[in-house]
Amino acid sequence: VWVEDLDDSRLPTYFANLIVSGRSVTEGESLIASDGEAGRLLRPYGGTIMVGKPNNMRREQRGALAGAGSWTHQYSDPGNSLCSTDDLIKGPLGMLWFRDIDVAMPQRHGRGPSPLFYEGFLYSEGLDELACVDAYNGRVVWKYSLPGILKAYDGDELMGTAGTHSNYCVSDDGVFVRREGHCLRLDRKTGELLGKFEVPVDDQGKPGGTWGYIACVDGVLYGTLADPEHVVTYRYLNRGGDMKSLLTESKTFFALDARNGESLWRYDAQHSIRHNAIAIGPERVYLVDRPQALFDRERDKKPDEHAPGVLLAFEAKKGYQQWKNEVNIDGTLLSLAGDHNTLLMGYQPTRFALASEIGGKLSTFDAETGKLRWEKKTKYESRPMINENTIYAQGGAWDLNTGEEREFNFSRSYGCGVLAGSKHTMLFRSATLGYYDLGMNEKTENYGGVRPGCWINAIPAGGIVLVPDASAGCKCSYLNQSWFALEPDGLRAPKIEPAGGAFAEAVTVKLEADELLHEVRYTLDGTAPTRDSLRYSEPLEIASDTTLKSRAFDLEGKPSRSVDARFTFDPHLLPVAEDRWKVWDTQDKPISAPSQWIVRGTEIHQRSNIYQGSATDANPETQRYATLRIFEEGEFGDGQIEFEFNSEDDDTLGFAFRLRDESHHYLWAADMQRKFRILARKNGDDYQVLAKNGLGYRRNHWHHVKIEMAGSKLTVWVDGEKDFEVEDEAFAQGTLALHSWGTQGVRFRGVRVAPGS
């Protein structure tokens with residue numbers, strides 16, 4: 001590439017492996033330096049600049065990218081934290097490179113191994129080969145032929161690495177790939193074969209076993225002898241793939257010298273070792289030895305008694321046992337927070353999970369002694385991720401040290417797969433590629449047009465987001481099928497607080513830039529803000545219907561995207577402030593109490609999984625009371641009530657009206673999981689369903705409900721369609737309340753009461 005003006009090359013960041021100054025060849029060393037534009041263009045981890053006359057050239061080589069993290073194992077590291085240490089990746093994200101790399105990939109439903117990143121190189125496995133790619137420009141560095149390496153994953157079984165763990169990893173000592181009864185050691189920069197290590201004999205002295213789990217830490221290669229008799233059933237469709245090769249548990253754990261394959265130590269399990277229940281740090285190996293869940297071998301089998309096991313810790317290089325814990329060791333996975341000396345035990349209750357992944361509990365242990373620190377019952381729907389001193393999962397966040405719940409406003413659209421994190425950002429499938437800014441803790445953002453895989457194929461590492469293609473077999477209308485990388489790109493739009501909504505009275509609005517040096521410009525007439533628009537300096541008072549638009553500008557005038565908020569005013573809206581409402585929680589055997597009612601802008605959220613009674617009872621006429629948020633300042637008789645709701649969960653939510661107290665009111669409620677809507681009357685101990693249907697609601701969708709009250713005639717409308725019409729004279733007037741049973745992540749907004757004439 002010929003560049004006339006290197007100070008304004010307009011070439012992509014990190015694209016160059018080598019930059020040579022042609023002018024300096026004839027004129028001598030120029031002012032070119034690695035910290036200028038040339039430095040921006042140069043790839044980290046070895047990119048080179050050459051300047052000067054022949055035989056007297058000066059060479060500068062770019063080193064590691066400061067703050068960049070690695071992703072060396074299936075779940076980021078041998079401790080399964082599921083989170084890289086990368087400190088650079090933040091949204092918004094933009095394209096760095098894309099490339100059509102000729103590697104045939106397995107079915108996305110086969111859940112193939114995660115891509116890996118280490119010191120500038122991206123590694124990804126295809127059906128018949130392992131590819132090493134320059135992570136910063138997409139250039140193929142080498143390929144190593146491995147015919148049929150992922151054939152077993154090429155199907156619709158939705159198991160794959162969700163149960164097997166990965167079949168390869170990378171470390172300073174090389175790339176290690178296990179298959180059948182051996183492991184290959186490859187040079188990570190050239191792909192040269194450096195060694196082939198066989199599995200040890202089994203506990204009966206018989207050779208020829210199958211290598212199961214794999215990891216490499218500080219010169220030690222770890223593996224297991226897989227149990228070929230424990231074959232779990234497929235989770236989705238029995239089409240393609242090979243469940244007999246997707247082995248999830250092992251009989252023996254062993255450690256080898258990573259350079260020569262010499263045996264260091266082994267542990268023969270008393271029962272069985274689930275691959276997901278192995279976590280390794282620099283000092284210790286942790287694993288759970290537990291009887292197998294035999295019901296996992298049968299399709300659609302309900303979980304029955306699954307015996308607990310023992311949690312063990314071994315010295316990493318010599319293998320002597322340091323401690324064990326046999327008290328309530330019933331989890332199916334382990335993760336290690338090494339910097340906090342904490343071991344996490346939990347479950348993997350994702351979509352299409354094994355029956356034994358019952359979820360509902362998290363426990364932590366002192367990694368040095370094995371003593372329990374805390375445990376709690378809590379609902380979550382993904383593999384837990386450890387990010388410094390916080391545990392994140394779809395459904396909640398918890399303090400690593402205490403177990404206390406932390407504010408986490410995460411939600412996503414459809415799609416299976418688990419979260420993959422870095423210090424500031426999480427990646428996941430949310431229909432398309434979704435990402436979430438942990439610092440903002442507000443909402444999912446998307447990079448559209450692509451179809452992520454069904455487990456992990458997008459990783460945040462190296463200061464960028466790496467996404468090898470994992471859409472094979474998908475027939476949906478995603479536009480782009482390619483390998484690509486994203487980078488932090490541009491300014492983030494200002495934050496508007498509150499972010500619009502409907503109000504009963506004037507509201508004070510604040511605008512905040514993501515960076516202190518950015519200036520914020522805004523308009524109030526719906527036009528797009530420019531550098532010449534009004535500059536924000538103090539909070540705005542808005543008292544009439546208004547569309548506020550805003551954007552940030554950096555010191556050079558580069559703009560962010562525009563963000564807008566619509567403010568409308570209606571005197572019939574009820575205030576959302578907590579001091580105008582009270583909360584009632586049931587005391588009848590509550591689970592995960594108390595409730596968590598909070599206000600965000602103009603929305604009211606309830607984020608606890610509080611409920612009473614049986615979660616498996618699908619009878620729509622069963623009383624389902626857990627928590628009510630009761631408005632304290634009203635007596636409403638005839639008229640109209642309107643509100644909107646949106647739920648990430650699928651249990652019961654609703655609205656009580658003409659409420660005298662928590663035991664005397666009418667209740668409209670809907671349940672997605674059990675597929676019903678009801679209109680009920682609760683009069684003390686007398687609970688009666690006056691009308692019902694089988695409609696439920698849609699997750700992650702705003703529904704509008706209107707209740708018309710005219711004497712004894714009560715009519716409910718949902719999204720403009722009549723839901724119920726009944727006659728009942730029990731209650732003539734009363735206040736109202738928001739209702740939630742087992743539904744974490746439900747939101748209400750726009751509660752409006754218009755009295756009758």
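Reader: Why is there no bond between the sulfur of Cys454 and the closest cysteine sulfur, in Cys416?

Author: In this predicted model, the two sulfur atoms are 3.8 Å apart. A disulfide requires a pair of cysteine sulfur atoms within 2.5 Å, so the sulfur of Cys416 is too far from that of Cys454 for a bond.

Reader: What rules out a bond for the sulfur of Cys474?

Author: The closest cysteine sulfur to that of Cys474 belongs to Cys476, at 3.7 Å. With the cut-off at 2.5 Å, this separation is likewise too far for a bond. The structure as a whole holds zero disulfides.

Reader: How do you know whether Cys454 and Cys474 count as buried or exposed?

Author: The term buried applies under 20% relative accessible area. Cys454 has 3% and is therefore buried. Cys474 has 19% and therefore also counts as buried.

Reader: Which class of accessibility does Val327 fall into, buried or exposed?

Author: Val327 belongs to strand 19, residues 321-329. Exposed means over 50%, and Val327 has 58% relative accessibility, so the residue counts as exposed. The C-alpha atom of Val327 lies 37 Å from that of His605, and the two residues are 278 apart in sequence.

Reader: What makes the contact between Asp134 and Arg43 a salt bridge?

Author: A salt bridge requires a side-chain nitrogen of Lys or Arg within 4 Å of a carboxyl oxygen of Asp or Glu. For Asp134 and Arg43 the N to O distance is 2.6 Å, and the pair is assigned as a salt bridge. Asp134 lies in strand 7 and Arg43 in the loop between helix 2 and strand 2, so the contact ties together parts that are 91 residues apart in sequence. Asp134 has a relative accessible area of 0% and is therefore buried; Arg43, at 3%, is buried as well. A search of the whole structure finds 46 salt bridges.

Reader: Why does Arg624 have no salt bridge, and what is the nearest side chain of opposite charge?

Author: Arg624 sits in the loop between strand 45 and strand 46. The nearest side chain of opposite charge is that of Asp617, at 4.3 Å. The limit for a salt bridge is 4 Å, and Arg624 is buried yet has none. The side chain of Arg624 does reach the backbone oxygen of Asp617, at 2.4 Å.

Reader: How do you know that Arg373 and Asp366 form a salt bridge?

Author: Their closest N and O atoms are 3.2 Å apart, against the limit of 4 Å. The two partners fall into separate accessibility classes: Arg373, at 35%, counts as partly exposed, and Asp366, at 18%, counts as buried.

Reader: What qualifies Asp651 and Lys379 as a salt bridge?

Author: The closest N and O atoms of Asp651 and Lys379 are 3.5 Å apart, which is within the 4 Å limit. This pair links distant parts of the chain, 272 residues apart: Asp651 is in the loop between strand 47 and strand 48, and Lys379 is in the loop between strand 23 and strand 24. Asp651 has 6% relative accessibility and therefore counts as buried, whereas Lys379, at 22%, counts as partly exposed. Both residues take part in a network of salt bridges together with Asp649, Asp671 and Arg674.

Reader: How do you know that strand 22 and strand 23 pair, and in which direction do they run?

Author: Pairing requires at least two bridges between the strands. Five bridges join strand 22 (residues 361-366) to strand 23 (residues 372-377), and the two run antiparallel. Among the partners, Lys361 stands opposite Lys377, and Ser363 has Glu375 as its bridge partner. The hairpin of these strands has five residues between them, and Gly370 takes a positive phi near 85° there.

Reader: What makes strand 20 and strand 23 edge strands?

Author: The open sheet has four strands in the order 20-21-22-23, with antiparallel pairing. Strand 20 and strand 23 each pair on one side only, and they are the edge strands. Neighbouring strands of this sheet are turned by 15° against each other on average, direction ignored.

Reader: Which strands are the edges of the open sheet in the order 28-29-30-31?

Author: This sheet also consists of four strands with antiparallel pairing. Strand 28 (420-421) and strand 31 (444-447) are its edge strands, each pairing on one side only. Strand 29 and strand 30 run antiparallel and are joined by six bridges, where two would suffice for pairing. One of the contacts places Arg429 opposite its bridge partner Leu433 in strand 30.

Note on methods: Residues numbered from 1 in each chain as written. Predicted model: local features only at pLDDT ≥ 70, side-chain atom pairs only at ≥ 80, totals over all residues. Heavy atoms only, no water. Buried < 20%, exposed > 50% of the residue type's maximum accessible area, 1.4 Å probe, protein only. Axes fitted to C-alpha atoms, helices over the stretch in contact; angles between N-to-C directions. Lys, Arg positive; Asp, Glu negative; His and termini not counted. Polar contact = N/O pair within 3.5 Å; in protein donor to acceptor, adjacent residues only side chain to side chain.
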